[in-house]
Structures are given as C-alpha cells and as structure tokens.
Amino acid sequence: MNALERAQALLAEVEQAELLTAEQAEAFRLRFLGSKNQLKELMALLKTLPTEERKQLGHLVNVVKQLAEEKYRAAQQRFSPKVQASLPADITRPGWPYMPGSRHPVAIVRDQIIDIFLRLGFALADGPEIEDDWHNFTALNMPEDHPARDMTDTFYLSRNPDLMLRSQTSNVQIRIMERQQPPIRIIAAGRVYRNETITYKAHVFFHQIEGLYVDEAVSFANLKQTILYFVDEFFGADYECRIRPSYFPFTEISAEVDIRRKGTERWLEIMGCGMVHPEVLRNCKIDPDRYSGFAFGMGIERPAMLKYGITDIRILYENDLRFLRQFISA
Ligand code: DAH
C-alpha cells in the first residue's frame with residue numbers, strides 16, 4: 001500500500017468508527033489524535049513525495065484529521081456527565097446496546113407441554129392465584145377436616161373468609177366446570193405456592209399444568225392413551241413410563257405417572273391423574289350419572305430441569321443473567 005492508499009484506508013476507518021463507549025472513544029483518540037498517531041507517520045512521508053502526490057496526501061491527511069477531531073469531540077461531549085445531564089431525553093432514540101431477551105426455561109417447557117395438548121384438542125384455560133377455600137380445597141372433595149389438606153402447607157392471606165395462595169392448579173378445574181357444562185377439554189398452566197423449606201429440590205412456589213376432560217363416556221383408557229402420547233411427544237423414545245395406583249381426593253381412581261430413561265434404574269414421578277371424582281362433578285353442578293372425566297396435574301420445573309440438566313431449583317428464580325442468557329437462542 002502506498003502512502004495515499006494508507007491515508008484513504010485511514011479515512012474509511014475514521015468514517016466507520018463507532019464511538020459508543022468512553023473506552024472506544026479513548027482508543028480512537030490514541031489511534032488518530034494521540035502523540036503517536038497514525039497520521040504522523042504519513043506526514044513524515046510527505047517530504048519524500050513528488051509535488052503532486054505531496055499535495056494530494058497533505059490534503060487527505062488534513063481531511064482525516066479534521067474528521068477524527070470532530071468525531072472525538074462529539075463523543076467526548078456525549079460521555080461527559082455534565083452534557084448527559086443537561087440533554088433533554090430523546091424518547092425516539094433506539095435503545096442501545098441491544099440486549100436480546102431470553103425466555104425462561106420454565107416458560108419454554110410450559111409452552112412445549114401446552115402445545116402437545118393443544119394438538120390433542122385441549123383449549124387453554126386460566127384461573128386466579130389468589131383463591132378461596134372452596135375452589136382450592138372444598139369443591140375438590142377436601143372438606144375442612146380432610147387430612148389431605150395437610151399434604152401441602154398452604155399460605156393463607158386471610159382467615160374467615162379464607163383466602164390463600166393456591167396450592168395447586170386444580171382450582172382451575174372447578175372454575176371452569178362451574179361456568180361450563182361438558183364437553184370440557186382444557187389445559188391450564190400457572191404458579192402455585194406451598195410453605196416448604198427452600199432446598200435444591202423444593203421452593204415456596206413452582207409451576208403446574210393442569211388438564212381436564214369431561215364428556216359422556218370418558219374412560220380411564222382415554223386418560224392412559226393421552227398420557228402415553230404426551231410422554232412420547234415430550235420426552236421422546238429414550239424414555240419409558242409407568243402408571244401406578246395412587247390417591248388424590250379429587251379423583252377416583254387415582255394414579256401417578258413415572259418416567260425413566262430406558263436402561264436406567266430410577267423412576268421419576270412426573271404427574272398425578274385420575275378419573276374426576278363424582279363428588280367433584282356434583283359440586284360443579286355436572287351430573288355424574290351422565291358425564292365422566294379425567295384430570296391430570298404435573299409440575300413444570302422437574303421436566304425443565306431434566307431437559308436442561310439443572311440440578312438446583314433455586315437457580316431458576318435468582319434472575320442471574322449469567323444463567324438466563326444461556327437460553328437466548330432456545
Ligand atoms: N393437584 C395435585 C398436586 O398438586 C396434582 C394432581 C393430581 C392434579 C391428580 C390432578 C389430578 O388433576 O387428577 O399434587
């Protein structure tokens with residue numbers, strides 16, 4: 001590259017330089033305006049050139065120098081705290097630096113699970129997180145003295161009337177059945193709260209997905225097939241599942257679903273389910289002689305942790321950017 005070409009390259013560099021931080025501005029100053037700047041070298045060459053080229057180079061070097069000075073001055077102004085404070089806020093200025101947000105792993109997995117059930121014809125439903133005794137407990141076949149109430153430690157907001165943070169998304173079942181007669185086929189996701197000791201595997205809130213299907217002649221076979229389809233879709237061919245008898249007050253018969261990676265030993269429980277208890281239907285003014293239904297409920301954290309190899313539930317809720325940024329492209 002001859003001297004003229006080098007000057008042109010420097011001009012392009014100055015034109016394109018983006019001085020977006022004070023550090024960038026300082027690096028720019030050193031390169032183009034400092035005591036050992038690039039232009040000086042070119043100036044030193046001037047003497048050695050024939051007149052015509054000397055003129056051209058001299059002119060170009062001046063242009064570069066002026067532009068660099070202007071740019072640097074403008075940047076300096078921008079970074080001076082005084083100038084910053086006196087500027088009117090430009091509400092039309094695009095935000096910078098661009099920090100693409102990331103989706104939370106629990107939200108990612110929630111949507112994946114919901115998608116599977118939407119494909120099966122379930123509709124999205126919702127219910128409140130602050131709930132009364134009827135919807136969180138009593139209508140779900142847990143009257144006041146029912147021992148199942150001790151299965152979870154509930155956060156109460158007030159007594160008499162009792163208001164609480166819901167301990168399960170099963171409240172949505174009641175909310176929906178109270179205002180709609182079958183056929184009902186809904187899926188609901190949301191946060192639930194329990195007064196637990198916080199450890200690597202338990203938190204005072206977590207997320208659940210609830211499913212409910214009520215119609216004429218809904219059978220346990222329908223439930224089983226739905227679960228098998230879900231496990232296959234979500235966990236894939238590397239996993240197998242088993243359905244074993246269990247107990248929930250709002251289902252009869254009740255079951256729990258475990259999964260495990262094929263070829264390994266340990267089963268991991270992922271959901272509770274069963275046939276909606278006739279008493280629950282009756283509580284919602286749905287005739288149990290005509291209709292039957294199945295319901296299921298599962299946590300979202302556990303599959304999310306399994307999927308992303310997370311071993312401590314607490315990290316999900318610390319809002320540590322180093323953790324959250326890992327999901328930018330997920
Ligand atoms: N609500 C239960 C829990 O929080 C989970 C559950 C079990 C939901 C069985 C259901 C069900 O709908 O049928 O542990």
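**Close-up views of the ligand site and selected salt bridges**

**View 1. Polar contacts of the ligand.** A backbone N or O atom of A295 is placed 3.2 Å from an oxygen atom of the ligand in this predicted model. Side chains also contribute: an N or O atom of R194 lies 2.7 Å from a ligand oxygen, and one of E210 lies 2.6 Å from a ligand oxygen. Of the 350 Å² of accessible area that the ligand has on its own, the protein covers 90%.

**View 2. The shell around the ligand.** The ligand is surrounded by 15 residues, of which Q168, Q173, R194, Q208 and E210 are the closest. Five residues of this shell are nonpolar, eight are polar and two are charged. Strands β6 (205–215), β9 (268–276) and β10 (292–299) each supply at least two of the shell residues.

**View 3. The salt bridge between R175 and E131.** The closest N and O atoms of this pair are 2.5 Å apart. R175 belongs to helix α8 (residues 171–179) and E131 to strand β2 (residues 130–132), so the salt bridge ties together parts that are 44 residues apart in sequence. R175 is partly exposed, at 23% relative accessible area, whereas E131 is buried, at 0%.

**View 4. A salt bridge within helix α10.** R282 and E279 form a salt bridge with an N to O distance of 2.7 Å. Both residues lie in helix α10 (residues 278–283), three residues apart, or about one turn of the helix. R282 is partly exposed, with a relative accessible area of 46%, and E279 is likewise partly exposed, at 30%.

Methods. Residues numbered from 1 in each chain as written. Predicted model: local features only at pLDDT ≥ 70, side-chain atom pairs only at ≥ 80, totals over all residues. Heavy atoms only, no water. Near = heavy atom within 4 Å. Polar contact = N/O pair within 3.5 Å; in protein donor to acceptor, adjacent residues only side chain to side chain. Areas by Shrake-Rupley, 256 points an atom, 1.4 Å probe, with all protein chains shown as cover. Helix = DSSP H or I, 4+ residues; strand = E, 2+ residues; numbered from the N terminus. Nonpolar A, V, L, I, M, F, W, Y, C, P; charged D, E, K, R; others polar. Salt bridge = Lys/Arg side-chain N within 4 Å of Asp/Glu carboxyl O. Buried < 20%, exposed > 50% of the residue type's maximum accessible area, 1.4 Å probe, protein only.
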